[in-house]
Amino acid sequence: MQEKWFCENCQTVFEESGRRCPQCGSRRIREVREDDLAYFCDKDALWAAVLEDVFRQNGVDFYAKNLMGAAMTMRAGLAGELRRFYVRFDQWPLAKALYMELFSAESGDGQEE
Ligand SMILES: [Zn+2]
C-alpha cells in the first residue's frame with residue numbers, strides 16, 4: 001500500500017513525493033491519521049450549500065469555511081464566494097462517492113462510452 005501523508009500547514013493529503021507538501025511547500029508533514037480533517041475541495045456558495053446538505057444527510061464528518069481573496073473570487077465567477085471543504089480522512093471514500101454522484105451531472109451528458 002502507498003503511504004499517505006498529511007500537511008499540517010494546509011491540511012492536504014498526498015502520496016509521498018519528497019519531504020515537502022506539494023501544495024504549499026511546507027515541511028510540516030506526517031503520516032495521515034484517520035481522524036485528520038483533510039482538504040477535500042473548493043466549491044462556490046451555490047454548490048457548497050448543496051454539498052453540505054448531502055454530507056449532513058449522509059453523516060459525513062466535515063468542516064467548511066469561506067475563502068476570501070481576489071483571485072479566488074474571480075475564479076468563482078457568479079457566486080463570487082468559495083467554500084473550502086475538509087473531510088475526516090476515514091470518510092473520504094464516502095465523501096468522494098457522494099461528490100461524484102452529485103457532480104457527475106454537471107459535466108453534461110453524451111460523454112458515456
Ligand atoms: Zn501544505
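Student: Which residue in strand 6 is the bridge partner of Asp 44?

Tutor: That partner is Leu 82. Further along the pairing, Tyr 39 stands opposite Tyr 86 in strand 6. Bear in mind that this is a predicted model, in which local features need pLDDT of at least 70, side-chain atom pairs count only at pLDDT 80 or more, and totals for chains, interfaces and linings use all residues. Residues are numbered from 1 along each chain as its sequence is written.

Student: What makes strand 4 and strand 6 a pair?

Tutor: Strands are DSSP runs of E with at least two residues, helices are runs of H or I with at least four, and both are numbered from the N terminus. Two strands pair if DSSP finds at least two bridges between them. Seven bridges join strand 4 to strand 6 (residues 82–88), so the criterion is met. The two strands run antiparallel.

Student: And why are strand 4 and strand 5 called edge strands?

Tutor: The open sheet has the order 4-6-5, with antiparallel pairing. Strand 4 (37–44) and strand 5 (62–67) each pair on one side only. The twist averages 25° from one strand to the next. For strand 5, six bridges lead to strand 6, and Lys 65 stands opposite Arg 84 there.

Student: How do you know that the length of helix 1 agrees with its number of residues?

Tutor: The expected span is 1.5 Å times one less than the number of residues. For the 13 residues of helix 1 that gives 18 Å, and the end C-alpha atoms are 18 Å apart, so the two agree.

Student: Where does helix 1 lie?

Tutor: Helix 1 (residues 45–57) lies across strand 4, strand 5 and strand 6, at about 135° to strand 4. Such angles run from 0 to 180 degrees between N-to-C directions, with axes fitted to C-alpha atoms, for helices over the stretch in contact. Contact means that C-beta atoms, placed from the backbone, lie within 7 Å.

Student: What makes the buried residues of helix 1 line one face?

Tutor: The buried residues are Ala 48, Leu 51 and Phe 55. Seen down the helix axis they fall within an arc of 65°, so they line one face; the arc is that of the directions from the axis to the C-beta atoms. An α-helix has 3.6 residues a turn, so residues three or four places apart point the same way. Their cover includes strand 4, strand 5, strand 6 and helix 3 (92–103). On the face turned away sit the exposed residues Val 50, Asp 53, Arg 56 and Gln 57.

Student: Why is Gln 11 called buried?

Tutor: A residue is buried if 20 or more other C-beta atoms, placed from the backbone, lie within 10 Å of its own, exposed if 12 or fewer, and partly exposed in between. Gln 11 has 20 within 10 Å, so it counts as buried.

Student: What is notable about the phi of Gln 11?

Tutor: Most residues other than glycine have a negative phi. Gln 11 is not a glycine, yet its phi is positive, about 65°. Gln 11 lies in the loop between strand 1 and strand 2. Those strands, residues 4–7 and 13–15, run antiparallel and are joined by three bridges.

Definitions and conventions:
Two residues are in contact if their C-beta atoms, placed from the backbone, lie within 7 Å.
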